[in-house]
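Student: I should like a close look at a single part of this model, namely the surroundings of the ligand. Which residues come nearest, and how does the protein enclose the molecule?

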Amino acid sequence: MSNSDQIDYWNGKAGEKWVLHAERLDALLAPFAGAVLDRVALIEGEHVLDIGCGAGALTLKAADQVGTTGQASGVDVSEPLLALARKRAEDRHLSARFERADASQYRTRTEMDALISRFGVMFFDDPVAGFANLKQCLKPGGRMTFACWQSLAENDWARAPLEAALPLLPAPPAPPPPGTPGPFAFADQDRVVKILSDAGWSDIEIEPWRGNVTLPGDTAEEAAGFMLEIGPVARLVAEAGINMALVRAALFDLLSQHAGSDGRVPMPAAAWIVSAKAQ
Ligand SMILES: C[S@@+](CC[C@H](N)C(=O)[O-])C[C@H]1O[C@@H](n2cnc3c(N)ncnc32)[C@H](O)[C@@H]1O
(Lines give C-alpha, C1' and ligand atoms only; values in the text may rest on other atoms or scores of the structure.)
Protein backbone atom coordinates (compact mmCIF):
# COMPACT_ATOMS: atom_id res chain seq x y z
CA MET A 1 0.00 0.00 0.00
CA SER A 2 2.07 2.94 -1.15
CA ASN A 3 -0.40 5.71 -2.09
CA SER A 4 2.58 7.31 -3.82
CA ASP A 5 0.58 8.74 -6.75
CA GLN A 6 -1.72 10.63 -4.39
CA ILE A 7 1.16 11.71 -2.14
CA ASP A 8 2.98 13.17 -5.16
CA TYR A 9 -0.24 14.73 -6.43
CA TRP A 10 -1.08 16.53 -3.16
CA ASN A 11 2.51 17.71 -2.68
CA GLY A 12 2.72 19.07 -6.21
CA LYS A 13 0.70 21.68 -8.09
CA ALA A 14 -2.61 20.43 -6.63
CA GLY A 15 -1.44 21.11 -3.07
CA GLU A 16 -0.18 24.56 -4.06
CA LYS A 17 -3.49 25.41 -5.74
CA TRP A 18 -5.49 24.23 -2.72
CA VAL A 19 -3.36 26.54 -0.56
CA LEU A 20 -3.86 29.45 -2.95
CA HIS A 21 -7.63 28.98 -3.04
CA ALA A 22 -8.07 27.67 0.51
CA GLU A 23 -10.54 30.33 1.68
CA ARG A 24 -12.72 29.91 -1.40
CA LEU A 25 -12.62 26.11 -1.22
CA ASP A 26 -13.57 26.25 2.46
CA ALA A 27 -16.57 28.42 1.59
CA LEU A 28 -17.60 25.94 -1.13
CA LEU A 29 -17.22 22.97 1.22
CA ALA A 30 -18.54 24.63 4.42
CA PRO A 31 -21.90 22.76 4.37
CA PHE A 32 -20.07 19.44 4.62
CA ALA A 33 -18.03 20.50 7.66
CA GLY A 34 -21.36 21.30 9.31
CA ALA A 35 -22.87 17.96 8.27
CA VAL A 36 -19.90 15.94 9.58
CA LEU A 37 -19.75 17.83 12.90
CA ASP A 38 -23.52 17.62 13.43
CA ARG A 39 -23.39 13.86 12.92
CA VAL A 40 -20.30 13.10 15.01
CA ALA A 41 -21.54 15.32 17.88
CA LEU A 42 -18.22 16.00 19.61
CA ILE A 43 -18.27 16.89 23.27
CA GLU A 44 -15.89 19.03 25.27
CA GLY A 45 -12.78 17.16 26.39
CA GLU A 46 -12.80 14.62 23.54
CA HIS A 47 -9.81 13.72 21.37
CA VAL A 48 -10.59 13.85 17.65
CA LEU A 49 -8.49 13.19 14.55
CA ASP A 50 -9.26 14.70 11.14
CA ILE A 51 -8.16 12.39 8.30
CA GLY A 52 -6.79 14.07 5.18
CA CYS A 53 -7.26 17.37 7.01
CA GLY A 54 -5.77 19.55 4.24
CA ALA A 55 -5.60 23.17 5.39
CA GLY A 56 -7.40 22.24 8.59
CA ALA A 57 -10.78 23.98 8.27
CA LEU A 58 -12.67 21.02 9.78
CA THR A 59 -9.95 20.33 12.39
CA LEU A 60 -10.15 23.91 13.64
CA LYS A 61 -13.94 23.80 13.94
CA ALA A 62 -13.56 20.53 15.86
CA ALA A 63 -10.94 22.17 18.10
CA ASP A 64 -13.51 24.83 19.03
CA GLN A 65 -15.97 22.09 19.99
CA VAL A 66 -13.66 19.91 22.11
CA GLY A 67 -12.24 22.98 23.87
CA THR A 68 -9.03 23.30 25.83
CA THR A 69 -9.69 20.12 27.80
CA GLY A 70 -9.87 18.14 24.56
CA GLN A 71 -7.53 17.82 21.59
CA ALA A 72 -8.15 18.13 17.85
CA SER A 73 -5.47 16.85 15.48
CA GLY A 74 -5.18 16.55 11.74
CA VAL A 75 -3.17 14.18 9.58
CA ASP A 76 -2.39 14.70 5.92
CA VAL A 77 0.24 13.82 3.33
CA SER A 78 0.46 17.33 1.85
CA GLU A 79 3.17 19.54 3.31
CA PRO A 80 1.92 22.79 1.68
CA LEU A 81 -1.59 22.26 3.07
CA LEU A 82 -0.30 21.32 6.52
CA ALA A 83 1.84 24.47 6.64
CA LEU A 84 -1.31 26.54 6.08
CA ALA A 85 -3.24 24.49 8.67
CA ARG A 86 -0.55 25.17 11.30
CA LYS A 87 -0.54 28.88 10.49
CA ARG A 88 -4.32 29.07 10.75
CA ALA A 89 -4.24 27.34 14.16
CA GLU A 90 -1.55 29.73 15.38
CA ASP A 91 -3.43 32.80 14.09
CA ARG A 92 -6.58 31.65 15.89
CA HIS A 93 -4.72 30.67 19.08
CA LEU A 94 -6.03 27.12 18.82
CA SER A 95 -3.96 24.21 20.08
CA ALA A 96 -4.85 21.92 17.15
CA ARG A 97 -1.92 19.70 16.08
CA PHE A 98 -1.09 18.76 12.52
CA GLU A 99 1.09 15.88 11.43
CA ARG A 100 2.40 14.80 8.05
CA ALA A 101 1.68 11.11 7.52
CA ASP A 102 -0.15 8.68 5.30
CA ALA A 103 -3.39 8.17 7.26
CA SER A 104 -3.68 4.59 6.03
CA GLN A 105 -0.54 3.72 8.01
CA TYR A 106 -0.70 6.31 10.77
CA ARG A 107 -0.82 5.46 14.47
CA THR A 108 -1.86 8.02 17.06
CA ARG A 109 0.08 8.35 20.33
CA THR A 110 -3.15 8.08 22.34
CA GLU A 111 -6.45 6.49 21.39
CA MET A 112 -9.00 8.88 19.89
CA ASP A 113 -12.68 9.28 20.78
CA ALA A 114 -13.60 10.13 17.20
CA LEU A 115 -12.28 10.27 13.64
CA ILE A 116 -13.68 12.80 11.20
CA SER A 117 -13.01 13.74 7.60
CA ARG A 118 -14.30 16.05 4.93
CA PHE A 119 -13.46 14.46 1.58
CA GLY A 120 -10.09 13.16 2.83
CA VAL A 121 -10.57 9.37 2.86
CA MET A 122 -11.15 8.41 -0.80
CA PHE A 123 -7.50 8.32 -1.82
CA PHE A 124 -6.13 5.06 -0.38
CA ASP A 125 -4.79 2.45 -2.84
CA ASP A 126 -5.99 -0.24 -0.42
CA PRO A 127 -9.01 1.23 1.40
CA VAL A 128 -9.75 -1.91 3.45
CA ALA A 129 -6.22 -1.92 4.90
CA GLY A 130 -6.40 1.87 5.37
CA PHE A 131 -9.67 1.77 7.31
CA ALA A 132 -8.53 -1.26 9.33
CA ASN A 133 -5.53 0.82 10.38
CA LEU A 134 -7.66 3.87 11.20
CA LYS A 135 -9.83 1.73 13.46
CA GLN A 136 -6.73 1.07 15.58
CA CYS A 137 -6.50 4.82 16.27
CA LEU A 138 -9.82 4.77 18.17
CA LYS A 139 -10.79 3.72 21.66
CA PRO A 140 -13.03 0.62 21.66
CA GLY A 141 -16.51 1.89 20.80
CA GLY A 142 -15.06 5.07 19.29
CA ARG A 143 -16.85 6.60 16.31
CA MET A 144 -16.03 7.88 12.85
CA THR A 145 -17.93 10.24 10.54
CA PHE A 146 -16.76 11.34 7.12
CA ALA A 147 -18.14 13.05 4.02
CA CYS A 148 -17.42 11.64 0.56
CA TRP A 149 -18.87 12.55 -2.81
CA GLN A 150 -21.67 10.64 -4.48
CA SER A 151 -21.10 9.95 -8.20
CA LEU A 152 -19.99 12.56 -10.69
CA ALA A 153 -23.39 12.13 -12.38
CA GLU A 154 -25.09 13.32 -9.15
CA ASN A 155 -22.75 16.29 -8.76
CA ASP A 156 -23.79 18.85 -11.36
CA TRP A 157 -21.28 21.37 -9.96
CA ALA A 158 -18.46 19.10 -11.20
CA ARG A 159 -20.16 17.15 -14.02
CA ALA A 160 -21.77 19.97 -16.02
CA PRO A 161 -18.54 22.02 -16.41
CA LEU A 162 -16.72 18.85 -17.43
CA GLU A 163 -19.37 18.08 -20.05
CA ALA A 164 -19.13 21.64 -21.36
CA ALA A 165 -15.38 21.19 -21.86
CA LEU A 166 -15.51 17.67 -23.38
CA PRO A 167 -16.55 18.65 -26.95
CA LEU A 168 -13.38 20.75 -27.12
CA LEU A 169 -11.17 17.71 -26.60
CA PRO A 170 -9.68 15.76 -29.51
CA ALA A 171 -11.01 12.54 -27.87
CA PRO A 172 -12.92 12.08 -24.60
CA PRO A 173 -10.69 10.67 -21.84
CA ALA A 174 -11.45 7.12 -20.68
CA PRO A 175 -13.27 7.22 -17.33
CA PRO A 176 -11.11 5.76 -14.53
CA PRO A 177 -12.05 2.18 -13.51
CA PRO A 178 -14.62 2.20 -10.66
CA GLY A 179 -12.94 2.48 -7.26
CA THR A 180 -9.78 4.19 -8.55
CA PRO A 181 -8.55 6.44 -5.70
CA GLY A 182 -9.88 9.95 -6.23
CA PRO A 183 -12.72 12.30 -5.31
CA PHE A 184 -15.50 9.99 -6.59
CA ALA A 185 -14.01 6.66 -5.44
CA PHE A 186 -16.69 6.22 -2.73
CA ALA A 187 -19.66 7.05 -4.94
CA ASP A 188 -21.08 3.52 -4.62
CA GLN A 189 -22.47 3.27 -1.11
CA ASP A 190 -22.56 -0.57 -1.23
CA ARG A 191 -18.82 -0.50 -1.87
CA VAL A 192 -18.31 1.85 1.09
CA VAL A 193 -20.27 -0.51 3.35
CA LYS A 194 -18.21 -3.47 2.13
CA ILE A 195 -14.89 -1.65 2.61
CA LEU A 196 -15.80 -0.62 6.16
CA SER A 197 -17.21 -3.98 7.18
CA ASP A 198 -14.22 -5.83 5.67
CA ALA A 199 -12.03 -3.44 7.68
CA GLY A 200 -13.83 -4.45 10.87
CA TRP A 201 -16.12 -1.44 11.44
CA SER A 202 -19.65 -1.88 12.81
CA ASP A 203 -22.86 0.18 12.98
CA ILE A 204 -22.23 1.54 9.48
CA GLU A 205 -24.75 4.22 8.49
CA ILE A 206 -24.80 6.22 5.28
CA GLU A 207 -26.95 9.33 4.97
CA PRO A 208 -27.37 11.17 1.69
CA TRP A 209 -26.60 14.89 1.60
CA ARG A 210 -28.16 16.84 -1.24
CA GLY A 211 -28.17 20.55 -1.76
CA ASN A 212 -26.51 23.37 -3.65
CA VAL A 213 -22.93 24.45 -3.37
CA THR A 214 -22.13 27.99 -4.42
CA LEU A 215 -19.16 28.11 -6.79
CA PRO A 216 -16.43 30.52 -5.73
CA GLY A 217 -16.63 33.97 -7.37
CA ASP A 218 -19.13 36.82 -7.41
CA THR A 219 -20.03 36.31 -11.06
CA ALA A 220 -20.32 33.48 -13.61
CA GLU A 221 -17.09 34.77 -15.16
CA GLU A 222 -15.23 34.45 -11.86
CA ALA A 223 -16.76 31.02 -11.24
CA ALA A 224 -15.60 29.90 -14.72
CA GLY A 225 -12.11 31.17 -13.89
CA PHE A 226 -12.14 29.17 -10.66
CA MET A 227 -13.18 25.95 -12.43
CA LEU A 228 -10.19 26.40 -14.74
CA GLU A 229 -7.87 26.65 -11.75
CA ILE A 230 -8.88 23.65 -9.68
CA GLY A 231 -10.99 20.50 -9.93
CA PRO A 232 -11.90 18.04 -12.71
CA VAL A 233 -12.04 20.58 -15.59
CA ALA A 234 -8.72 22.15 -14.61
CA ARG A 235 -7.13 18.70 -14.55
CA LEU A 236 -8.59 17.81 -17.93
CA VAL A 237 -7.44 21.05 -19.53
CA ALA A 238 -3.91 20.63 -18.12
CA GLU A 239 -3.69 17.00 -19.28
CA ALA A 240 -5.20 17.49 -22.74
CA GLY A 241 -3.54 20.83 -23.42
CA ILE A 242 -6.74 22.27 -24.96
CA ASN A 243 -7.39 25.90 -25.78
CA MET A 244 -8.06 27.66 -22.49
CA ALA A 245 -9.98 30.58 -24.02
CA LEU A 246 -12.47 28.23 -25.70
CA VAL A 247 -13.01 26.28 -22.49
CA ARG A 248 -13.43 29.50 -20.52
CA ALA A 249 -16.11 30.67 -22.97
CA ALA A 250 -17.94 27.31 -22.78
CA LEU A 251 -17.85 27.39 -18.97
CA PHE A 252 -19.04 30.98 -18.88
CA ASP A 253 -22.02 30.07 -21.13
CA LEU A 254 -22.95 27.18 -18.89
CA LEU A 255 -22.51 28.94 -15.55
CA SER A 256 -24.35 32.08 -16.68
CA GLN A 257 -27.44 29.89 -17.05
CA HIS A 258 -27.18 28.91 -13.37
CA ALA A 259 -26.29 32.34 -11.94
CA GLY A 260 -28.74 33.78 -9.42
CA SER A 261 -29.95 37.38 -9.24
CA ASP A 262 -26.85 38.28 -7.17
CA GLY A 263 -24.61 36.93 -9.95
CA ARG A 264 -23.29 34.02 -7.89
CA VAL A 265 -23.56 30.44 -9.16
CA PRO A 266 -25.23 27.78 -7.00
CA MET A 267 -25.17 24.24 -8.39
CA PRO A 268 -26.50 20.89 -7.18
CA ALA A 269 -24.16 18.65 -5.20
CA ALA A 270 -24.56 15.25 -3.54
CA ALA A 271 -22.43 13.58 -0.88
CA TRP A 272 -22.66 10.71 1.58
CA ILE A 273 -22.26 11.32 5.30
CA VAL A 274 -20.86 8.01 6.51
CA SER A 275 -20.70 6.95 10.15
CA ALA A 276 -19.33 3.81 11.77
CA LYS A 277 -18.08 2.51 15.09
CA ALA A 278 -14.96 0.66 16.16
CA GLN A 279 -16.09 -2.49 17.97
C1 LIG B 1 -10.11 16.96 -1.22
S2 LIG B 1 -8.84 17.35 -0.11
C3 LIG B 1 -9.75 17.69 1.36
C4 LIG B 1 -8.97 18.48 2.36
C5 LIG B 1 -9.71 18.83 3.65
N6 LIG B 1 -10.25 17.68 4.31
C7 LIG B 1 -10.80 19.84 3.39
O8 LIG B 1 -11.98 19.48 3.49
O9 LIG B 1 -10.48 21.00 3.08
C10 LIG B 1 -8.18 15.73 0.22
C11 LIG B 1 -7.03 15.70 1.21
O12 LIG B 1 -6.68 14.34 1.48
C13 LIG B 1 -5.27 14.28 1.63
N14 LIG B 1 -4.82 12.90 1.44
C15 LIG B 1 -4.84 12.15 0.32
N16 LIG B 1 -4.35 10.92 0.56
C17 LIG B 1 -4.01 10.87 1.88
C18 LIG B 1 -3.46 9.87 2.73
N19 LIG B 1 -3.14 8.66 2.29
N20 LIG B 1 -3.25 10.19 4.04
C21 LIG B 1 -3.54 11.43 4.51
N22 LIG B 1 -4.08 12.42 3.74
C23 LIG B 1 -4.31 12.14 2.44
C24 LIG B 1 -4.76 15.26 0.58
O25 LIG B 1 -3.43 15.66 0.81
C26 LIG B 1 -5.76 16.40 0.72
O27 LIG B 1 -5.35 17.36 1.65
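Tutor: In this predicted model, 18 residues surround the ligand, and those that come nearest are Gly52, Asp76, Asp102, Ala103 and Arg118. By class, this shell consists of 10 nonpolar, 5 polar and 3 charged residues.

Nitrogen atoms of the ligand take part in several polar contacts. Gly52 places a backbone N or O atom 2.7 Å from a ligand nitrogen atom. Asp102 contributes through its side chain, a polar atom of which lies 3.0 Å from a nitrogen atom of the ligand. For Val77, the backbone is again involved: one of its N or O atoms is 3.5 Å from a ligand nitrogen atom. The ligand has 590 Å² of accessible area on its own, and the protein covers 97% of that area.

The chain that provides this setting has 279 residues, of which 51% count as buried. Its secondary structure comprises 11 helices and 7 strands. Among the contacts with a separation of 6 or more, 80% are between residues 24 or more positions apart.

The overall dimensions complete the picture. The radius of gyration of the chain is 19 Å, which agrees with the value near 19 Å for a compact globule, because that is what 279 residues would give. Along the principal axes, the C-alpha atoms fill a box of roughly 55 × 40 × 30 Å. The chain has an accessible surface of about 12,700 Å², and carbon and sulfur atoms account for 53% of that surface.

Technical notes:
Residues numbered from 1 in each chain as written. Predicted model: local features only at pLDDT ≥ 70, side-chain atom pairs only at ≥ 80, totals over all residues. Heavy atoms only, no water. Near = heavy atom within 4 Å. Polar contact = N/O pair within 3.5 Å; in protein donor to acceptor, adjacent residues only side chain to side chain. Areas by Shrake-Rupley, 256 points an atom, 1.4 Å probe, with all protein chains shown as cover. Nonpolar A, V, L, I, M, F, W, Y, C, P; charged D, E, K, R; others polar. Helix = DSSP H or I, 4+ residues; strand = E, 2+ residues; numbered from the N terminus. Rg over C-alpha atoms; globule rule 2.2 N^0.38 Å. Buried < 20%, exposed > 50% of the residue type's maximum accessible area, 1.4 Å probe, protein only. Contact = heavy atoms within 4.5 Å.
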